[in-house]
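Q: Please take a close look at one part of this structure. Start with a single residue, then work outwards to what surrounds it.

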Amino acid sequence: MRARVRALFRLLSLQASWNYERMQGIGMAFAELPLLEEVAYGDAKLRHAAIARAAEFFNANPYLASAAIGASIRAERDGEPSERISRLRTALCGPLGALGDQLFWVGSLPALLGLTLLAIAWGAGAWAVLGFLLAHNALRLSVHTWAFDMGLTYGVRVGGAIQASWLPKAVAVAGPAAGFLVGLAAPLSGAWLLERTPTRGGLLIASGIAVALLIVRRIGWRLSTAEVTLGLLALAILWDAAKGLL
Amino acid sequence: MIWTLWGYLAALVWGTAVGVDLVSFPQAMIARPVVAGTVAGWLLGDPLLGLRVGVVLELFALDVLPIGASRYPDYGPATVAAVAAGVGHPWEWALGVCTAVGLAMSLVGRWSLEQLRRRNALAAQAASAALSAGDAEVVRRLHLSALGRDAVRSLLLTGAGLLLARLLGAKIPEDPGFGQVLSWLAIGGAIAAVIGGAVRSAAHGRRLRWLLAGFAGSLILILLR
Amino acid sequence: MAIALARVDDRLIHGQVVIGWGRPLDAKMIVLVDEVVRYSDWEQEIYRMAVPADMQVVFATVQEAGARLAEWQGSPQQVIVLTGDIATMAALYSKNPAALSSINLGGVHHRPGRTERLRFLYLSPEEAAMLNDLTVHGAVITAQDLPASRAVPVAEVLG
């Protein structure tokens, strides 16, 4: 039990040693060490082989990676052949990545941020920020432990078990919810930032944005909107400084 | 401008913490600009400004899709620096310069992340025989030293950001007219970024319809107000 | 229409494929061509797990997929054909070159014997030779991880 808690805590640092060759591999092995010591405590050869497997290439969504650790620990305990455990880990990368990215990165995270921006626009201030942190981390940590336990329970059959769980349904809802809340938050947030601006100025900015968006969509710039904005701001600041020198 | 030693040190520590949070530990999302900015404003004695700067940079950050191994800007330490640049100025005309500092540092942050990953790769390559042999001690050492490396990266990045903030903070226009123009530019860019990003990631179907519904609802609420 | 993307990616079905390419292409079907996965039901379960309900997944061997390439090419739906390595894609290409005229290299990662060509593309000498051979036979090959990034022509990668 203690090993499980230690592994789950270590897994919060999964991506610290991220690199283009093994990606999250070393982080996975680091998190798995306490569990592997339990599985193969007597047999050094077995343990070394398991650690080497654990450190191989791995890359999934960091919030769902615990499922892969749970499943491979189960497979190691069941004495599955080495080749099969490696295939299990390789197979889990992509799908756990895709599910987690959809659930968190383009789902609950933008949805909660949209809500936070809305609450700020309605005057909630720093409380909205605190609420965001609590909600996001409660969700993230409960999925983190849930996924680990799913892996540990179902082993190589974890795919079917997750597919039959609440998760794909949540993924299907998370995307549209994120779209709706970000759509709702964007103009209201803008209005909040411009609340001390006269209406004429506000309309001018709104039309500027519309034109800029159309241009970007038209020619499909390689530059992000942030980079373009930075360029414009830098030009304006430089121009002002040069004017002072003249 | 309020540049007390304690405020500066607190901002440095906070910037380091949010820098490490982005990818390394514990990914609790304190690196989000709206969180990093609000806390930075509070630490530096200007919570109002911190919240505003946080929201503007959050709108830019929502345009970023951290999927797979793609490269992304690092907005955490950048937001701390952006808030520091504007401390003590009225937010209405400090926002432009703050945003410039934040966006510039987010790109420096992206570059620093790539350097970090390159170093991590070199360290892993050097130890690849030990990794294939399943040496637990090597795994531990590689991982924890990479974590330390990211802490150093975040500290240096925040330090550089605070320096830039100090330099550009002095450029915040005394005359509200020009400052206001810069702020409008920043806010306009931020709204364009969030809408562009939302449309791009919605792409087709149901999600796009919900996005448009939210958008329409928002406009109605603004007009009714 | 039809086969909207023929991709080599050793992660097979993952976020870049489902969200990154699937959404903008409006793909309704993914064909995963792999000799081992075709006969491994637990692996199929895992790969199915990440695919949205409105997207169909077909598992096939090179033989089976080769026989149906023309059918998918003529389908009104957008289809994504995936293989885990270059050798499988080359074998598939030889079955019906016309249906797979353009090939996307989306992710071939580090393994002993491979050297880095791009961040997401590591090639062994044999794989480089296979790619060269494919271009000689008329395939248009580019390396590109996501729709928003630049499509690097294979000549640049091999050169």
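A: Contact here means heavy atoms within 4.5 Å. The model is predicted.

Start with C:Gln44. This residue sits in helix α2 of chain C, which covers residues 41-49. Is C:Gln44 buried or exposed? C:Gln44 counts as buried because its relative accessible area is 15%, and the cut-off is under 20%. Which residues does C:Gln44 touch, once neighbours within four places in sequence are set aside? They are C:Val37, C:Arg38, C:Tyr39 and C:Phe59. C:Leu32 is a further reference point: twelve residues from C:Gln44 in sequence, and 9.6 Å away from C-alpha to C-alpha.

Now the helix as a whole. C:Gln44 shares its burial with other residues of α2(C): C:Trp42, C:Glu43, C:Ile46, C:Tyr47 and C:Met49 are buried too. What covers them? The cover includes strands β2 (29-33) and β3 (56-60) of chain C. Chain A also takes part, through α5 (82-121) and α7 (158-163).

That leads to chain A. Its mean pLDDT is 91, with 96% of residues at 70 or more. Confidence varies by element. Helix α6 of chain A (residues 126-154) has the highest mean, 98. Helix α9 of chain A (residues 199-219) has the lowest, 72.

Chain A also meets chain B. In that contact, chain A contributes 80 residues and chain B 86. Together they bury about 7,500 Å², with 74% of that area on carbon and sulfur atoms. On the chain B side, B:His143, B:Trp184 and B:Arg207 lose the most area to chain A, jointly 9% of what that side buries.

Polar links cross this interface as well. The rule gives three salt bridges. One of them pairs A:Glu227 with B:Arg110, and the closest N and O atoms are 3.3 Å apart. Polar contacts come to 17 residue pairs, with both residues at pLDDT 80 or more. The chain B side draws at least two residues from each of α2 (33-43), α3 (47-61), α5 (91-126), α6 (128-132), α7 (136-169), α8 (176-202) and α9 (205-224). By class, that side holds 56 nonpolar, 18 polar and twelve charged residues.

Chain B itself has nine helices and zero strands. Its C-alpha trace spans about 65 × 50 × 20 Å along the principal axes. Of its 225 residues, 58% are buried. Take the contacts between residues at least 6 apart in sequence: 77% join residues at least 24 apart.

One loop of chain B deserves a check of its backbone. Most residues other than glycine have a negative phi, and most peptide bonds are trans. The bond from B:Phe25 to B:Pro26 is cis, with omega near -10°. B:Pro26 belongs to the loop between α1 (5-23) and α2 of chain B. B:Gln27 lies in the loop between α1 and α2 of chain B, and its phi is positive, near 50°. B:Met29 is in the loop between α1 and α2 of chain B too, with a positive phi of about 75°. Both side chains belong to residues other than glycine. B:Gln27 is buried at 4% relative accessibility, and B:Met29 is buried at 9%.

How values were computed. Residues numbered from 1 in each chain as written. Chains lettered and ligands numbered in written order. Heavy atoms only, no water. Buried area = accessible area lost by both parts, 1.4 Å probe. Salt bridge = Lys/Arg side-chain N within 4 Å of Asp/Glu carboxyl O. Polar contact = N/O pair within 3.5 Å; in protein donor to acceptor, adjacent residues only side chain to side chain. Helix = DSSP H or I, 4+ residues; strand = E, 2+ residues; numbered from the N terminus. Nonpolar A, V, L, I, M, F, W, Y, C, P; charged D, E, K, R; others polar. Buried < 20%, exposed > 50% of the residue type's maximum accessible area, 1.4 Å probe, protein only. pLDDT = per-residue confidence, 0-100.
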